[in-house]
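Open your viewer, load the model and keep the selection box handy. We will go from the whole chain to single residues, one selection at a time.

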Amino acid sequence: MSNIIRAALVQQKWTGDKESMIANAVEHIRNAASQGAQVLCLQELFYGPYFCQVQDADFYSYTESIPDGPTTELMKEVAAQNNIVLIVPMYEVEQPGVYYNTAAVIDADGTYLGKYRKNHIPQVKGFWEKFYFKPGNLGYPTFDTAVGRIGVYICYERHFPEGWRALGLAGAKIVFNPSATSRSLSEYLWKLEQPAAAVANEYFVGAINRVGVEPLGDNEFYGQTYFVSPRGQLVGEAASDTEEELVVRDLDLDLLTEVRDTWAFYRDRRPDTYEGLVTP
């Protein structure tokens, strides 16, 4: 029997306010579901601008509780109405003054399955994330969904191979990497790192980026959202580098077994030799 999952990614432009960003995302979700999509991931911090271009405490107001905040509650309803698994990246408040860059994972029946908190936090020009986020404290969870086991890794983390591997060892079949990454800094890496991670860890990767120049800075987010197979090949074309776009692709999960039987990277690992990797 065929083991094909129809998956979707959304790259958005900043509309100017949170409410219209959420409404726009919901429209994309419904559109994806009408095309038969079974799982969809939104971009990093999807309902706001990428405010990390500046350091301003006013943007703490974009935080919400997860899972009992209004956007998670809305997305639970949207997931159930459209029978689609959702990965929803948001700005989370755990308690006053403790904030995380987080993605909620919601199953196709609207059940909240859990969340991933971004572990690796950058602090470079135009990406002042340590001002806004505490490093994650939930490890590298995977989530058993209606489309199988998935994982989440957020933006800057794609530069760190350890988390990619942790998700593979935990059985992820698809890993989503919602991002906000700009042309001047990282475009040359965009189609290198995530295909390499898909190959090394033998799963599909969904790479999501926003598009456009936002009022808070001169970072130009270059889109080019895509899916990549465990062979390192793009599944269809990447999205536009300038326009908002919904990407819907069919992922053949039987390819995972084929690739793992061919290369056997997990069999040939030598964790007994890796102790030095975790020595501070």
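The stops below run from the overall fold to a few strands, then to the pockets, a cavity and two backbone details.

**Stop 1: the whole chain**

Keep in mind throughout that this is a predicted model. Show everything as a cartoon, and you will be looking at 5 helices and 15 strands. Along its principal axes, the C-alpha trace spans about 50 × 50 × 35 Å. How does the radius of gyration of the chain agree with that of a compact globule? The chain has 18 Å, and a compact globule of 280 residues would have a value near 19 Å, so the two agree.

**Stop 2: residues 5-253**

Now select residues 5-253 and give them a colour of their own. An unreviewed UniProt entry annotates this span as "domain: CN hydrolase". The span is 23% helix and 31% strand. Put a distance label between the C-alpha atoms of its two end residues: they lie 7 Å apart.

**Stop 3: a hairpin and a crossover**

Next, select residues 142-145 and 148-152, which are strands E8 and E9. These strands run antiparallel and are joined by 4 bridges. Together E8 and E9 make a hairpin, with 2 residues between them. For one rung of this ladder, pick Asp 144, whose bridge partner in E9 is Arg 149.

Add residues 174-178, strand E10. Which way does E10 pair with E9, parallel or antiparallel? The pairing is parallel, over 3 bridges. Val 152 and Phe 176 in E10 are bridge partners here. Bring in residues 161-169 as well: this is helix H3, through which the chain crosses from E9 to E10 in a right-handed β-α-β crossover.

While the strands are on screen, a reminder for reading side chains: in a regular strand they alternate between the two faces of the sheet.

**Stop 4: the largest pocket**

Keep H3 selected and switch on a surface. The largest pocket holds about 470 Å³ of space. Its lining has 20 residues, and those closest to the pocket centre are Pro 161, Glu 162, Arg 165, Tyr 274 and Leu 277. Which element gives the most to this lining? Helix H3 does, with 6 residues. Helix H4, residues 183-201, is also worth selecting, as H3 and H4 each supply at least two lining residues. Colour the lining by class and you should find 11 nonpolar, 2 polar and 7 charged residues.

**Stop 5: the second largest pocket**

Leave H4 on and add Lys 125, Gly 126, Ser 184, Asp 218 and Asn 219. Those five lie nearest the centre of the second largest pocket, which is lined by 13 residues. About 200 Å³ of space lies in this pocket. H4 gives the most to its lining, with 3 residues. Strand E7, residues 127-128, and H4 each supply at least two residues there. By class, this lining has 3 nonpolar, 6 polar and 4 charged residues.

**Stop 6: an enclosed space**

Rolling a probe the size of a water molecule over the atoms shows where empty space is left. How many cavities of 30 Å³ or more are there? The count is 1, and the largest cavity contains about 40 Å³ of space. Select Leu 45, Phe 46, Tyr 47, Gly 48, Phe 51, Tyr 62, Pro 89, Met 90 and Tyr 91 to see what lines the largest cavity. These lining residues divide into 8 nonpolar and 1 polar, with no charged residue.

**Stop 7: two backbone details**

Finish with sticks. Select Ile 66 and Pro 67: the peptide bond between them is cis, with omega near 20 degrees. Pro 67 sits in the loop between strand E2 (39-41) and helix H2 (70-82).

For the last selection, go to Cys 155, in the loop between E9 and H3. Although Cys 155 is not a glycine, its phi is positive, at about 50 degrees. That brings you back to the crossover from Stop 3, where the chain goes from E9 through H3 to E10.

Note on methods:
Residues are numbered from 1 along each chain as its sequence is written. This is a predicted model: local features need pLDDT of at least 70, side-chain atom pairs count only at pLDDT 80 or more; totals for chains, interfaces and linings use all residues. Side-chain values use heavy atoms; hydrogens and water are left out. On a 1 Å grid over the protein atoms alone, a cavity is a set of points where a 1.4 Å probe fits but cannot get out, and a pocket is an open set with protein on both sides within 12 Å along at least five of seven lines; lining residues have an atom within 4 Å of a point. Grid points are joined across faces, edges and corners, and a volume is the space filled by probe spheres set on the points. Ala, Val, Leu, Ile, Met, Phe, Trp, Tyr, Cys and Pro count as nonpolar, Asp, Glu, Lys and Arg as charged, and the others, Gly among them, as polar. UniProt positions are given in the numbering used here, feature names are shortened, and annotations may be inferred rather than shown by experiment. Two strands pair if DSSP finds at least two bridges between them. A crossover is right-handed if, with the strands pointing away from the viewer, the path from the first strand over the helix to the second runs clockwise. The radius of gyration is taken over C-alpha atoms; the globule rule is 2.2 Å times the number of residues to the power 0.38.
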